[in-house]
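Visitor: Could you walk me through this model, one question at a time?
Guide: Gladly; let us have it in front of us before we begin.

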Amino acid sequence: AARKTGPRPVILSAQSVCKSYGGQKILRDCSFNLHSGQCLLIQGPSGSGKSTLLRILSLMEPADSGRVSHGDRSWDVGQPHKDLAYPFLTLVFQQLFLWPNLTIGQNLSIVLTHRPNDALSRSAMELLERFRIAHLVDRLPHECSLGERQRLAISRSLLSPARFLLLDEPSSALDRANQGILVQELKAQIAQD
């Protein structure tokens, strides 16, 4: 999902990205342009390269060949490099990557501009309320269900300054009601100026 940015659209793009593992082609000539305010859904069976493509777009994994562009910056992803994709984009992994020793509120603070032990902003608390996890801010991740941890990771990405949000199976641990909330929040972020 991409947030709107104003008069000049920001672009996330892939050009002719190819990736193999052990001689098996996973990605073949994968290309797209995603403008601010647009959403792209990538579907395919397990093992088809969806997560791999997200890691390549995030500059976390090299490809065999191709280019990735984040706005005005472009990389040959056939070579490893040390550039970071954040804060241009953020990726919510299937594994969620929450700090186990930090409370839910402190895990959110990682992307905010205040100190980890300060109270969360009103807008952050409102987002947590909409995701039905505001009552969990003082709990540690292991004290929450998988669905609650997934909603936290998604909330953290929505509160981040990232222009593009890459979500790897964002609704896998969510029930139907929470999937609906997720869709509403993503639509609101895409429409946001």
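What follows is a conversation about a predicted model, going from its sheet to its helices and then to single residues.

Visitor: Let us begin with the sheet. In what order do its four strands lie?
Guide: The sheet is an open one, and its strands pair in the antiparallel sense. Its edges are β2 and β4, each of which pairs on one side only. From one strand to the next the twist averages 15 degrees. Reading across, the order is β2-β1-β3-β4.

Visitor: How many bridges join β1 to β2?
Guide: Strand β1 covers residues 11-21 and strand β2 covers residues 24-35, and the two run antiparallel. Within this pairing, A14 stands opposite F32 of β2, and Y21 has Q24 as its bridge partner. The number of bridges joining the two strands is eight.

Visitor: Which residue takes a positive phi in the hairpin of β1 and β2?
Guide: Y21 and Q24 are bridge partners here, and the hairpin has two residues between its strands. One residue there has a positive phi, near 55 degrees, and that residue is G22.

Visitor: And in the hairpin of β3 and β4, what phi does G71 take?
Guide: Strands β3 (residues 65-70) and β4 (residues 73-76) are antiparallel and pair over four bridges. H70 has its bridge partner in β4, namely R73. With two residues between the strands, G71 takes a positive phi near 65 degrees.

Visitor: Now to the helices. At what angle to β1 does α1 run?
Guide: Helix α1 is made of residues 50-57. It lies across three strands, β1, β2 and β3. Its direction relative to β1 is about 125 degrees.

Visitor: How many of the residues of α1 are buried?
Guide: The cover over the buried residues of α1 includes β1, β2, β3, β5 and β6. Beneath it are K50, S51, T52, L53, L54, I56 and L57. Just after the helix, L59 takes a positive phi of about 65 degrees. For α1 itself, the buried count is seven of its eight residues.

Visitor: At what angle do α3 and α4 cross?
Guide: Helix α3 spans residues 122-130, helix α4 spans residues 146-159, and their axes come within 10 Å. The crossing is right-handed. Its angle is roughly 145 degrees.

Visitor: How many nonpolar residues are in the contact of α3 with α4?
Guide: From α3 come A124, L127 and L128, and from α4 come S155, L158 and L159. No residue of this contact is charged and one is polar. The nonpolar count is five.

Visitor: Is L158 buried or exposed?
Guide: L158 belongs to helix α4. Along the sequence L158 is 27 residues from E185, while the C-alpha to C-alpha distance is 8.5 Å. Buried means under 20% relative accessible area. Because its relative accessible area is 5%, L158 is buried.

Visitor: What about T90: buried or exposed?
Guide: T90 sits in strand β5, residues 89-92. Beyond its neighbours within four places in sequence, T90 is in contact with S157, S160, A162, F164, L165 and L166. Its relative accessible area is 15%, so T90 counts as buried.

Visitor: Is L40 buried or partly exposed?
Guide: L40 is placed in the loop between β2 and α1. Leaving aside neighbours within four places in sequence, L40 is in contact with F32 and L34. L166 is 126 residues from L40 in sequence, and their C-alpha atoms are 9.5 Å apart. With a relative accessible area of 39%, L40 is partly exposed.

Visitor: Lastly, the cysteines. How many disulfides are there?
Guide: A disulfide needs two cysteine sulfur atoms within 2.5 Å. The count by this rule is zero.

Visitor: Why is C18 in no disulfide, and how far away is the nearest cysteine sulfur?
Guide: The cut-off for a disulfide is 2.5 Å between the sulfur atoms, so a pair further apart does not count. C18 is buried at 15% relative accessibility, and C144 is buried too, at 7%. For C18, the nearest cysteine sulfur is that of C30, at 8.8 Å.

Conventions: Residues are numbered from 1 along each chain as its sequence is written. This is a predicted model: local features need pLDDT of at least 70, side-chain atom pairs count only at pLDDT 80 or more; totals for chains, interfaces and linings use all residues. Side-chain values use heavy atoms; hydrogens and water are left out. Two strands pair if DSSP finds at least two bridges between them. Buried means under 20% relative accessible area, exposed over 50%, partly exposed in between (1.4 Å probe, protein chains only). Contact means heavy atoms within 4.5 Å. Axes are lines fitted to C-alpha atoms, for helices over the stretch in contact, and angles run from 0 to 180 degrees between N-to-C directions. A crossing is left-handed if the near helix is turned anticlockwise from the far one by less than a right angle, and right-handed if clockwise. Ala, Val, Leu, Ile, Met, Phe, Trp, Tyr, Cys and Pro count as nonpolar, Asp, Glu, Lys and Arg as charged, and the others, Gly among them, as polar.
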